[in-house]
Amino acid sequence: MSDQTPVPPIVVSRPAVWLAWITESPAMAAGSAILMLVIGMAILAPLISPQDPYDLLSLSLFDTKLPPGSQSYDGSTSYLLGTDGQGRDILSGILYGLRISLIVGFGSALIAGAIGTIVGIVAAYFGGWVEALIMRLVDLQLSFPAILVALMLLAFLGKGVGNVVLALVIVEWAGYARTARSAALVELGKDYLTAAKVSLLPVRRIIFVHLLPNCLPPLIVLLTIQVARAISLEATLSFLGVGVKATEPSLGMLIASGFSYILSGTYWITLFPGIALVVTVVAVNLIGDHLRVALNPKLRA
Amino acid sequence: MTQAVILRILQSIGVILVMTVIVFIGLHAIGNPVDVLIPSDADQIERARAVEALGLDKPLWQQYFYFLQGILHGDLGRSFVSGEPALELIMKRLPATLELAISAVVLALLIGVPLGLMAGIYPKSLASRLSVGLSVLGFSVPAFWIAIMMIIVFAVNLGWLPSSGRGDTVRVLGVEWSFLTLDGLRHLLLPALSLSIYKMSLVFRLVRAGAIEISRAEYIRFARAKGLGRRRIVMVHVLKNILIPVITIVGLELGGTIAFAVVTETIFAWPGTGSLIIKSISVLDRPVIVAYLIVIALLFVTINLLTDLAYLILDPRIREKMA
């Protein structure tokens, strides 16, 4: 790490600058547009979905496993993407499922990011045994795959949105801590921080006002990648039956509920929620890929 | 060098000890270990006897030593469900999991390395751009969904390949293997392929990035100026320098692949440790869960150790630093 590495300025002024920055790369533009659309659909789910999938009274036994485009038994609604084994409209299920998937994905990534970042910066700032202890813990955590640790935690904690978020935070904080520490170490070697230290500013002020903002670029990239990973991990855990409860169906849960029917050719129960999941994750990853390049001048050549 | 190796081995033993402490605390922190270790239908006298036999009336540190002793003797309790020793149950299914994981890693290398080289050497070609795009998908699409799509396409619609079980196996060295029979290979292909997509994208990206970087290096230009054939430059000079990071990643990812096999095994009803652990979790068969954790932790630490040692042998720069 040379001292000359310039910290890229984060553009936070006019909307026009933002727009120019987003449309700079087609992948970034597409990713942002899709993500906005997905988030919008999830927020508006109660308004735009044809059916309330939580309202058991609206389900009809005559409408189970209807293929895409079918009419309901009484002709009142049409099921654009078909219905599942309990007669639930797949499209409505996806819209509501997206809410849970997005809450778990963004929620766990943000909480893990906040905890991991602070821990990593504290480790870098204080050094010594604090740093050694924290970093050994990080090494231990990172040497075991996320899926396995999350699986075991949930086996003991039990199902539920809160527990899934907790398990994801536990498996994800270490990545942020490692990144934050190495970014903070680079900054700590610079003159402005020495100046801040010798002017006897309070430690809290140095860490939050001077150190933290300058460590953010790599952490923002990591955050984006982790959101995608968390959404995908939550879906996997729910698919395995240790994630969210059946009463709060996320996309992974919907995919799992359709899995038992695929051998009979009833593909749509699994296929459409899966497409929604993949589109969401790909959109977030496209944004992450662009940020990685945009926030790192070395890759911009 | 010898000193570095011994230090690294000691470190691994330390990690294993920490793991046993975590598992032990996990067992005690969550629920009463009496409920965890003794079947719930036992009556009061049986419970008292079992508490004494398991040493649960002893102080905690002493209990931890009993737990360690059990691990060293290969005694991790019996499954609540089948009554078989938990460790034996895991070991019996481990070869199936290893077979699946190793096949996936081999597939990832066989496809990822050549594609990565091509994309690195001819970055502008259509095939290269296509591979780059596909690798983004390979990173993003959750493995379990790829597996389901493969079943829908290849097993249900086309009917080419089976979607569950191991098929015919052959007994070699006292263990059943699928990859030695045609039927077994047919059963192995879909699970292994779906498990390998993520690794394949990873290997592809690493090799591509490495090839782009190394093609610009001085010694490659020198080799070209010397008049060496393109084939020799790529196969010997470029490839050799790319393989060091690739081997590290593959070693580290082998552990991840074994862990992720939990998902693939469940979908394809592959009779390995992964599908066993999912069943054990759903019925809270804790001795089996604990045995699985211990075996997997041992396996990971061993893999990490071997990867580090391989690195030490392959990269002269690190070897010199260690010496």
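How many aromatic pairs does the rule find over all chains? The count comes to four, where the rings of Phe, Tyr and Trp (its six-membered ring) pair if their centres lie within 6.5 Å, with planes under 30 degrees apart counted as stacked, over 60 as edge-to-face and the rest as tilted.

The model is predicted, so that local features need pLDDT of at least 70 and side-chain atom pairs count only at pLDDT 80 or more, whereas totals for chains, interfaces and linings use all residues. Residues are numbered from 1 along each chain as its sequence is written, chains are lettered from A and ligands numbered from 1 in the order in which they are written, and side-chain values use heavy atoms, with hydrogens and water left out.

**Stop 1: aromatic pairs**

Select A:Y125 and A:F126. Their ring centres are 5.1 Å apart and their planes stand at 80 degrees, so this pair is edge-to-face. A:Y125 is buried, with 15% relative accessibility, whereas A:F126 is partly exposed at 47%. Here buried means under 20% relative accessible area, exposed means over 50%, and partly exposed lies in between (1.4 Å probe, protein chains only).

Next, select B:F139 and B:Y198. The centres of these rings are 5.3 Å apart and the planes are at 85 degrees, so this pair too is edge-to-face. B:F139 belongs to helix α6 (residues 126-140) of chain B and B:Y198 to helix α8 (residues 182-215) of chain B, so the pair ties together parts that are 59 residues apart in sequence. Helices are DSSP runs (H or I, at least four residues), as are strands (E, at least two), and they are numbered from the N terminus. Both rings are in partly exposed residues: B:F139 has a relative accessible area of 23%, and B:Y198 has 34%.

Then select A:F239, A:F259 and B:F144 together. These three residues form one aromatic cluster.

**Stop 2: the interface of chain A and chain B**

Display both chains. On chain A, 32 residues are in contact with 39 residues of chain B, contact being heavy atoms within 4.5 Å. The area buried between the two chains is about 3,000 Å², and carbon and sulfur atoms give 86% of this area. Within the part that chain A buries against chain B, A:F144, A:M152 and A:F156 supply 19%, more than any other three residues. Buried area is the accessible area (1.4 Å probe) that two parts lose on being put together, summed over both.

Where is the salt bridge between the two chains? Select A:D289 and B:R205, whose side chains meet in a salt bridge (3.6 Å, N to O). The rule finds one salt bridge across this interface; the term denotes a side-chain nitrogen of Lys or Arg within 4 Å of a carboxyl oxygen of Asp or Glu. B:R205 lies in helix α8 of chain B and A:D289 in helix α11 of chain A, so the pair joins two chains. B:R205 is partly exposed at 27% relative accessibility, and A:D289 is partly exposed at 24%.

Now colour chain A by element. On the side that touches chain B, the elements giving two or more residues are α6 (146-157), α9 (203-240), α10 (251-259) and α11 (268-294) of chain A. Helix α11(A) gives the most, with 10 residues. By class, this side of chain A has 24 nonpolar, seven polar and one charged residues. In this scheme Ala, Val, Leu, Ile, Met, Phe, Trp, Tyr, Cys and Pro are nonpolar, Asp, Glu, Lys and Arg are charged, and the others, Gly among them, are polar.

**Stop 3: salt bridges within chain A**

Over all chains, the search finds seven salt bridges. Select A:E131 and A:R181, whose side chains meet in one of them (2.7 Å, N to O). A:E131 lies in helix α5 (residues 128-142) of chain A and A:R181 in helix α7 (residues 161-188) of chain A, so the pair ties together parts that are 50 residues apart in sequence. A:E131 is buried at 16% relative accessibility, whereas A:R181 is partly exposed at 22%.

Finally, select A:R136 and A:D139. Their side chains form a salt bridge (3.0 Å, N to O). The two residues are three residues apart in helix α5 of chain A, and therefore separated by about one helical turn. A:R136 is exposed, with a relative accessible area of 52%, and A:D139 is partly exposed at 29%. Add A:R178 to the selection: salt bridges that share partners join A:R136, A:D139 and A:R178 into one network.
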